[in-house]
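Here is a short briefing on one protein chain and its ligand. Please look over the model before reading on.

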Amino acid sequence: MNREKRIPVIAGNWKMNCDRVKAKELICQLKETITNPVCGVVLCVPFTDLETAVELTKNTCLKVGAQNCHWAASGAFTGEISAGMLAEMGVEYVVLGHSERRQYFGETDETVNQRLRAALDAGLKPILCVGEVLSQREQGVTEEVVRQQVKIALGGVTKEEMENIIIAYEPVWAIGTGKTATAQQAEEVCGQIRGAVAQLYGQETAQALVVQYGGSMKPENAKELLSMENVDGGLIGGAALKAADFTAITEAANQ
Ligand code: PEP
């Protein structure tokens, strides 16, 4: 398989933004502007917007994702949401291991692995986020860091299950900062991620894997980033909250 056979996926990570009224407004705009994309389009919305999003996107090309899930099926985990609860609502995707979860909520590669396992068992498609912090890039250990994150997160995942996983390369220094990785930097690390997956599962699985770039992607830089051989789409934060910008990014992915 080569790049032409991979379908890029553009996923919006709304983070903790948009109450129900705003969510409704944004989804209704996106339904008008994103009608027949070649790429996959996923809206990863806050838990409280999931029901609205699932309802409004029925019979459209827009898919819905959550931004986290717990590893247990149920139990005494106050404030948490299980993968099964999301699947039952009609949610298809879940973002896991986002750097903000790692940075502010003690997420580790091991807990990401547990959550990923639970997501797959519930039939969800994980969008697994990996990426180095600035000091690691400056020390020249980006490849080691990203490889380790990928390897630990994928512990216990079978070759067949890899078909349902997306990996997003998100350099932490580029998230919400306005600093974008250059297309060459994105290409290099996305290629290394594909290489790590090839070591674990073989070339065929690695070549079929969707590897996104995320970090201040916007209409102005999307085309160049998305033209790279190993960049199969994007995980979009800030620009996902503006219908025109998010639509433009999906259009860049269609080219
Ligand atoms: C993100 O939160 O995953 C992200 C990429 O954010 P931004 O596009 O705002 O940098």
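The chain exposes about 11,600 Å² of accessible area (Shrake-Rupley method, 1.4 Å probe; for residues, only the protein chains shown count as cover). Carbon and sulfur atoms supply 50% of that surface. This is a predicted model: local features need pLDDT of at least 70, side-chain atom pairs count only at pLDDT 80 or more, and totals for chains, interfaces and linings use all residues. Residues are numbered from 1 along each chain as its sequence is written, and side-chain values use heavy atoms, with hydrogens and water left out.

**Overall fold**

- The chain holds 11 helices (DSSP runs of H or I, at least four residues) and eight strands (runs of E, at least two), numbered from the N terminus.
- Its radius of gyration, taken over C-alpha atoms, is 17 Å. The globule rule (2.2 Å times the number of residues to the power 0.38) gives 18 Å for 255 residues, so the chain is as compact as a globular protein of that length.
- Along the principal axes, the C-alpha atoms fill a box of roughly 45 × 45 × 35 Å.
- Of the 255 residues, 53% are buried (under 20% relative accessible area, 1.4 Å probe, protein chains only).
- Take the contacts (heavy atoms within 4.5 Å) with a separation of 6 or more: residues 24 or more positions apart account for 72% of them.

**Ligand site**

- The ligand is surrounded by 14 residues, each with a heavy atom within 4 Å of it. The closest are Lys15, Glu170, Gly176, Ser216 and Gly237.
- This shell divides into four nonpolar, eight polar and two charged residues. Here Ala, Val, Leu, Ile, Met, Phe, Trp, Tyr, Cys and Pro count as nonpolar, Asp, Glu, Lys and Arg as charged, and the others, Gly among them, as polar.
- A side-chain N or O atom of Glu170 is 2.7 Å from a ligand oxygen.
- A polar backbone atom of Ser216 is 2.7 Å from an oxygen atom of the ligand.
- For Gly238, a backbone N or O atom lies 2.9 Å from a ligand oxygen.
- Taken alone, the ligand exposes 290 Å², and the protein buries 95% of that.

**Pro126**

- Pro126 sits in strand β5, which spans residues 125-130.
- Pro126 is buried, with a relative accessible area of 0%.
- Beyond its neighbours within four places in sequence, Pro126 is in contact with Val94, Leu96, Leu116, Ala119, Leu120, Asn164, Ile165 and Ile166.
- Cys69 is 57 residues from Pro126 in sequence, and their C-alpha atoms are 9.9 Å apart in space.

Note on methods. Polar contact = N/O pair within 3.5 Å; in protein donor to acceptor, adjacent residues only side chain to side chain. Buried < 20%, exposed > 50% of the residue type's maximum accessible area, 1.4 Å probe, protein only.
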